[in-house]
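This report concerns a protein chain and the ligand bound to it. Please consult the sequence and the structure shown here alongside the text.

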Amino acid sequence: MSITSHLSRYSLAFLPTPVHPLPRLSEWLAHSNTQYPISNLHIWLKRDDQTGLASGGNKTRKLEFLVADALAQGCDTLITTGAIQSNHCRQTAAAAAKAGLKCELVLGGQPPAQPNGNYLLDLLFGAQVHWTTRENRLNRLAGLAEELRAAGRRPYFITYGGSDPVGAAGYALALEELREQATALGIELDAIVIPSSSGGTQAGLAAGAWALGWDVPILGISIDESQAALQAKVADLATRTAAHLGRPHRFAPADILVDASYLGAGYGVMGDLEREAIRLMARAEGILLDPVYTGRAFGGLLDIIRNRPEGFGKPFGSGTGNVLFWHTGGSPALFAYAGELVQS
Ligand SMILES: Cc1ncc(COP(=O)(O)O)c(C=O)c1O
């Protein structure tokens, strides 16, 4: 029996998502000029960019549980918020369309002259968009919920990134899926590496690891927060998610592995780290990373492997050499960064 089988789920994703090695990239790394010799490296990719909903991504798994909850409560509209290039908003808009619900989004910033990337897709999926400042997003969302209720609608509020215990349960189930795949492939993992921002992905994986009794290191590369802040946030959400799963456990911040060395110039600002990671993955493996999350986190993983293998908690290569990067999607945002990705 699955660790989430007692929870309601609305099917949105094509599961399981594939797991496969990155042989050319692993080979390139082994032969590139590194400070530490890399003799035993096998990078694996878990393809949640291929969940199948609206260009895929990690929000699909959270939304399976959130949409089920919305339907169980008799809601008719999903409401949420994010940045203009929010993958979470795009996936929420698509999930609402598929489930026959309405979707209203509060986006931070100004409407662009020409919609593109995720924002273009929000419009295609029929979402109603409201603009406000970045700081005012949650206030505006609360006000919007009131306005919709006053108009006789039944909004279902989804927090930043779908990162509450209901949504994070999707990543507890995802870890169970991965464990079955690793067993079938006959591989042991030294570490799982993910981008971590609103924290639901990492919290769900941590709660799932606890529920499954799987002692695998799960390293979150922080996208936009200090190590201490992200550890505290993920530990709190993992604790609440474990309770939601019916497997209570109190996580301490120190239980959560976070590396915040790659914040660069801030959220959504693409630098050399992200640009090089995106190009390398594209050219070595024909796979698209994204400019905000997976580009940064995979760039961080490459740096750890090449320059600071102690970043895994134990010297790199001392275990099986199998490291899994969880591809959480986000490629639609590439199109909004065209000028920074390719010099014309
Ligand atoms: C592509 C992508 N990867 C990773 C993340 C981070 O996941 P989480 O917010 O659950 O930490 C996000 C969140 O928006 C995302 O869009």
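The following paragraphs describe the overall fold and then the surroundings of the ligand.

The model is predicted. Its protein chain contains 11 helices and 10 strands. The chain has a radius of gyration of 19 Å, close to the 20 Å that the globule rule gives for 344 residues, and is therefore as compact as a globular protein of that length. Along its principal axes, the C-alpha trace of the protein chain spans about 65 × 55 × 35 Å.

The ligand occupies the space of the largest pocket. Three elements each give two or more residues to the shell around the ligand, namely α2 (59–72), β7 (191–196) and α7 (200–212). In total, 16 residues surround the ligand, and the closest are Lys 59, Lys 62, Ser 198, Thr 201 and Thr 328. By class, the shell around the ligand consists of 12 polar, 2 charged and 2 nonpolar residues.

Contacts to oxygen atoms of the ligand involve both side-chain and backbone atoms, as the table sets out.

| Residue | Protein atom | Distance to a ligand oxygen atom |
|---|---|---|
| Lys 62 | N or O atom in the side chain | 2.6 Å |
| Gly 199 | backbone N or O atom | 2.9 Å |
| Asn 58 | polar side-chain atom | 3.1 Å |

How much of the area that the ligand exposes when taken alone does the protein bury? Taken alone, the ligand exposes 390 Å², and the protein buries 97% of that.

Key. Residues are numbered from 1 along each chain as its sequence is written. This is a predicted model: local features need pLDDT of at least 70, side-chain atom pairs count only at pLDDT 80 or more; totals for chains, interfaces and linings use all residues. Side-chain values use heavy atoms; hydrogens and water are left out. A residue is near a molecule or strand if one of its heavy atoms lies within 4 Å of it. A polar contact is a pair of N or O atoms within 3.5 Å; within protein, one must be able to donate a hydrogen and the other to accept it, and residues adjacent in sequence count only if both atoms are side-chain atoms. Accessible areas come from the Shrake-Rupley method with a 1.4 Å probe; for residues, only the protein chains shown count as cover. On a 1 Å grid over the protein atoms alone, a cavity is a set of points where a 1.4 Å probe fits but cannot get out, and a pocket is an open set with protein on both sides within 12 Å along at least five of seven lines; lining residues have an atom within 4 Å of a point. A molecule sits in a cavity or pocket if more than half of its atoms lie within 2 Å of its grid points. Helices (H or I, at least four residues) and strands (E, at least two) are DSSP runs, numbered from the N terminus. Ala, Val, Leu, Ile, Met, Phe, Trp, Tyr, Cys and Pro count as nonpolar, Asp, Glu, Lys and Arg as charged, and the others, Gly among them, as polar. The radius of gyration is taken over C-alpha atoms; the globule rule is 2.2 Å times the number of residues to the power 0.38.
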